[in-house]
Amino acid sequence: MQRSIRVRSRGKFEVIDVTREVAAAVAEARVAEGVCTVFVRHATAAIIINENADPGFRADIVSALGKLFPEGVWEHDKVDDNGAAHLKAAFLGPSETIPVRDHRLLLGTWQGIALVECDGPREREIVIDVRA
Ligand code: ZN
């Protein structure tokens with residue numbers, strides 16, 4: 001089963017939890033045991049799995065990425081002025097794969113799936129692919 005969802009970011013950098021949307025797709029997929037791939041179809045956004053309960057951690061991701069990849073010093077900035085956004089997205093990666101067992105995502109207690117917006121606000125398409 002494959003499905004696309006659309007997520008709208010509101011800020012330039014933002015971490016948006018999509019765990020509920022992915023879990024809903026898995027529940028509908030009728031796959032008891034398999035894998036779920038979550039993939040964002042954009043070059044300036046990423047998918048991560050990490051702490052999902054503390055909003056402070058989401059702010060930490062934004063802050064840490066800002067320190068690693070400062071604005072305005074990259075070759076790509078000469079093309080369309082968002083070199084830092086591409087580097088952040090490349091560093092984190094566009095997808096995550098989660099095992100599925102008993103029709104559910106096998107996430108740990110504190111793990112959630114999030115879209116990391118690196119060059120918003122924009123509408124982003126995320127592909128959820130569930131396979132036995
Ligand atoms: Zn660009």
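**Questions around a zinc site and its neighbours**

Reader: Let me start with Ile128, which lies in strand β8 (residues 123–131). Is Ile128 buried or exposed?

Author: Happy to begin there, keeping in mind that this is a predicted model. Ile128 touches Met1, Gln2, Arg3, Ile5, Glu21, Val22, Ala25, Cys36 and Thr37, leaving out residues up to four places away in sequence. Its relative accessibility is 0%, and buried means under 20%, so Ile128 counts as buried.

Reader: What separates the C-alpha atoms of Ile128 and Val40?

Author: Along the chain, Ile128 and Val40 are 88 residues apart. Val40 belongs to β3 (33–40), while Ile128 is part of β8. In space, the separation of their C-alpha atoms is 8.9 Å.

Reader: Cys36 came up among the contacts of Ile128. How many disulfides does the structure hold?

Author: Two cysteines are worth a look here. Cys36 is buried at 0% relative accessibility, and Cys118 is buried too, at 1%. A disulfide would need a pair of cysteine sulfur atoms within 2.5 Å, and the number of disulfides in the structure is 0.

Reader: On to the metal. Which residues coordinate the zinc ion?

Author: In sequence, the donor residues follow the spacing H-x3-D-x1-N-x3-H. The coordination distances run from 2.0 to 2.5 Å, and Asp80 appears twice through OD atoms. The histidines each bind through NE2 and the asparagine through OD1. The coordinating residues are His76, Asp80, Asn82 and His86.

Reader: Of the zinc donors Asp80 and Asn82, which is buried?

Author: Buried means under 20% relative accessible area, and exposed means over 50%. Asp80 has 42% relative accessibility, so Asp80 counts as partly exposed. The relative accessible area is 7% for the residue that counts as buried, Asn82.

Reader: Asp81 sits in the loop between α3 and α4. What is its phi?

Author: Asp81 is exposed, with a relative accessibility of 56%. Although Asp81 is not a glycine, its phi is positive, at about 60°.

Reader: Where else does a residue that is not a glycine have a positive phi, of about 65°?

Author: For this one, go to the loop between β5 (95–101) and β6 (104–105). The residue there has 37% relative accessibility and counts as partly exposed. With its positive phi of about 65°, the residue is His103.

Reader: Which residue has a side chain in polar contact with the side chain of Thr44?

Author: Thr44 is found in the loop between β3 (33–40) and β4 (45–51), and it is buried at 4% relative accessibility. Beyond its neighbours within four places in sequence, Thr44 is in contact with several residues, including the zinc donors Asn82 and His86. Its side-chain polar contact spans 2.9 Å, and the partner is Arg124.

Reader: Asp119 is another residue in contact with Thr44. Which residue's side chain is joined to that of Asp119 by a polar contact of 3.2 Å?

Author: Asp119 lies in the loop between β7 and β8, and at 10% relative accessibility it counts as buried. Its contacts, apart from neighbours within four places in sequence, are Lys12, Thr44, Asn82, Ala85 and Arg124. The side chain joined to Asp119 by the polar contact of 3.2 Å is that of Lys12.

Reader: Pro121 has its place in the loop between β7 (111–117) and β8. Is the peptide bond from Gly120 to Pro121 cis or trans?

Author: The omega angle settles this one. For the bond from Gly120 to Pro121, omega is near -5°, and the peptide bond is cis.

Reader: Turning to the helices, at what angle do the axes of α2 and α4 cross?

Author: The helices are α2 (residues 55–68) and α4 (residues 83–92), and their axes come within 10 Å. The contact is made by Leu65, Gly66 and Leu68 of α2 and by Lys88, Phe91 and Leu92 of α4. The crossing is right-handed, and its angle is roughly 115°.

Reader: What covers the buried residues of α4?

Author: The buried residues of α4 are Gly83, Ala84, Ala85, Lys88 and Ala89. Lys88 is also part of the contact with α2. The cover includes β4, α2 and α3 (77–80).

Reader: Which residue just after α4 takes a positive phi?

Author: Helix α4 covers residues 83–92. Just after the helix, phi is positive at about 95°, and the residue is Gly93.

Note on methods:
Residues numbered from 1 in each chain as written. Predicted model: local features only at pLDDT ≥ 70, side-chain atom pairs only at ≥ 80, totals over all residues. Heavy atoms only, no water. Donors = N, O, S within 2.8 Å, 3.2 Å for Na, K, Ca; no water. Buried < 20%, exposed > 50% of the residue type's maximum accessible area, 1.4 Å probe, protein only. Helix = DSSP H or I, 4+ residues; strand = E, 2+ residues; numbered from the N terminus. Polar contact = N/O pair within 3.5 Å; in protein donor to acceptor, adjacent residues only side chain to side chain. Contact = heavy atoms within 4.5 Å. Axes fitted to C-alpha atoms, helices over the stretch in contact; angles between N-to-C directions. Left-handed = near helix turned anticlockwise from the far one by under 90°.
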